[in-house]
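Me: I've got a structure open and some of the labels on it puzzle me. Can we go through them one at a time?

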Amino acid sequence: MSAPQSFLNVSRRPPDIEDYIDMLRRYRSWIIGPMFAGLVVSVVVAFMWPDTYISTAVMRITPQQVSERLVPSMINNQMAERLQQMEQEILSRTSLSEIIQKPSLNLYKKERARLPLEDIIQDMKNKAIKIQMLDVPGGGGGGRMASAFVITFSYTDRYMAQAVVRELVTKFTEQNVTVQRNQTSLTKTFLDDETKGARDKMDALESQVTKFKQENQGRLPEQLQANIQMVNSIQMQLLAVNEAMNRDQQDKLMLETTLSTLRNQQNFYMSNIEDTIQGQSAKNERLSSLNQQIVSQKSQLAAFRQVYGDKYPSLRSIEASITVLEKERDELQKQELEAQANTASAPPTRVINPNVAKSLEDLKGQQASTQVAIQVKQADIEERMKSRDELNRQLALYQARIESSPQNEQQYAALMRDYGMARQTFEEMKKRGDTAQTAANIEEHKAGENLELLDAASLPEQPAEPNRLAIAGIGTAMGLVAGIVLAGAKEVKNTSLKNLKDVRAYTNLPVLSSIPLLENALLVRRKRRLFWLAWSSAVIVGSIAMSGSMYYYYFGHQ
């Protein structure tokens, strides 16, 4: 067996500029080949890539023309929010499918032949259509900014791109009008329904309040003070009526006493109307007058005692007057008796005393007038009793109203509170309904917040993509990088000694001389022919490929 060989690992020396130049010379084909291939492939790709044209339109959001301080807007969200809603609606599957399949557009014919419509719609939504918000100077001055948004669409046909942008602008305009009308109509209908419900509730509560007032007439809370005043007034009237009744009863009692006195006097005069006369003398007129006065004073004394009692101050003067009159009467009667004794022998003669007869007639007239006065007082008493009963009935009625007032006040307050809230709600709904109607009129006159086309859909003159020079440059650069990487890898794998520097560095021996590499001339010529043949073929094929892609781009697909 042979002895095992031992290998010595030697680190590579660092290359210098001459080494790099030698590497480029040795591996020039490995570098130029991928670079040329990258150029060919990038040029073919760039010219086979169809042009994409981008059409652009700008729409501006114009604010409401009438000041919102005069007419508040009924649109409950901002234009940006509505724009998002409209964008979702316009970019929906149904809307985009309608645009794609519209006969005047007929988009993506080749793609529709090999891909499902759902995929085409998704690509169109995510890649082709773009909607971006931006700010533009407003027309009101003062540096104000008005909101606007840009609609862009990319397509291989520039006329179709412009037509699609026009279609999208039309859809935004129509959708904005539809949204505004729907929101305004919905708001107005809602407010009309709410106003009708509030009016019905208010009318029902108003009917309940009216019915409560009719059923509790006089017992309402606002009538409490009037009821109290009426109670006080009725009590004062009752007091006055009672006092008047007491006076009437006293007057009647006095009249009845006077009538009794007059009747006693009448009886007295009836018993003394005829006098017995002896000779030529008749009853003393003075005695008759005294008897009349005594009877009148006694009647007055009895009436005062009955009415005012025994402690009435005038009773003593009346009694003294009666005593004086009785003494005088007794004296006259004594004198009359003596005179009669002196004339006893003469035959008696009975005659009617004219004074007594006259007094008797006067007494009858006084009795008649006294009876009439008594009847009048009795009628007054009965009338006042009726008034007192009526006042008592009214007093009981008003007191019952006052007693029931707290309970009625609670019910009435609840009804009025509900009625007030219902009325306030109705007025608020009515005001909002009027505002909604005004807002609807503003929308009809196109004076509300609206979309305005600021820049119409543009017709692109140059394609936005692809950038063919950039693609060719990138492809060539990538090929160059790939060639350098391959050359580097080749150099790393090649461990042979390339020049005298490697010999000196790795052997540490002096170099006396060098012998150039001797090759067969025939083999050298054959290698060179194969090398140029390969490069010529590659250049020709690459040029044909690039020329074909250019021809296809400029002439083939039109």
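Me: Which residues in α4 meet which residues in α7?
Reply: Bear in mind that this is a predicted model. On the α4 side you'll find Ser95, Glu98 and Ile99, and they meet Val164, Glu167, Leu168 and Lys171 of α7. Sorted by class, that contact has 3 nonpolar, 1 polar and 3 charged residues.

Me: What makes α4 oblique to α7?
Reply: Helix α4 (residues 93–100) packs on helix α7 (residues 158–215) at an angle of about 140 degrees. Roughly antiparallel takes an angle over 145, and roughly perpendicular covers 65 to 115. The angle of about 140 degrees fits neither range, so α4 counts as oblique to α7. Their axes are 11 Å apart, and the crossing is right-handed.

Me: Why is Lys171 called buried?
Reply: Its relative accessible area is 15%. Buried means under 20%, so Lys171 qualifies. Lys171 sits in helix α7, and beyond its neighbours within four places in sequence it is in contact with Ile90, Ser95, Glu98 and Ile99.

Me: And how do you know that Gly483 is buried?
Reply: The same kind of check works. Gly483 has a relative accessible area of 0%; the cut-off is under 20%, so Gly483 is buried. This glycine lies in helix α12 (residues 468–493).

Me: What is Gly483 in contact with, leaving aside its neighbours within four places in sequence?
Reply: Trp30, Ile31 and Pro34. Take Trp30: it is 453 residues away from Gly483 along the chain, yet their C-alpha atoms are separated by 5.5 Å.

Me: Which residues touch the most other members of the largest nonpolar core?
Reply: Leu107, Tyr108, Met124, Phe153 and Phe172, out of 32 residues in that core. Elements giving two or more residues to it include β1 (53–62), α3 (79–90), α4 and β3 (145–155). The most come from α7, with 7 residues.

Me: What does Phe153 touch, not counting residues up to four places away in sequence?
Reply: Quite a list. Among them are Leu107, Tyr108 and Met124, which are also on the list of residues touching the most other core members. Phe153 touches Ala161, Val164 and Val165 as well, and Val164 is one of the α7 residues that meet α4.

Me: Which residues does the second, separate core include?
Reply: That core has 11 residues, including Ala198, Tyr419, Ala422 and Phe426.

How values were computed: Residues numbered from 1 in each chain as written. Predicted model: local features only at pLDDT ≥ 70, side-chain atom pairs only at ≥ 80, totals over all residues. Heavy atoms only, no water. Axes fitted to C-alpha atoms, helices over the stretch in contact; angles between N-to-C directions. Helix = DSSP H or I, 4+ residues; strand = E, 2+ residues; numbered from the N terminus. Parallel < 35°, antiparallel > 145°, perpendicular 65-115°, else oblique. Left-handed = near helix turned anticlockwise from the far one by under 90°. Contact = heavy atoms within 4.5 Å. Nonpolar A, V, L, I, M, F, W, Y, C, P; charged D, E, K, R; others polar. Buried < 20%, exposed > 50% of the residue type's maximum accessible area, 1.4 Å probe, protein only. Core = buried A, V, L, I, M, F, W, Y, C linked by side-chain atoms within 4.5 Å.
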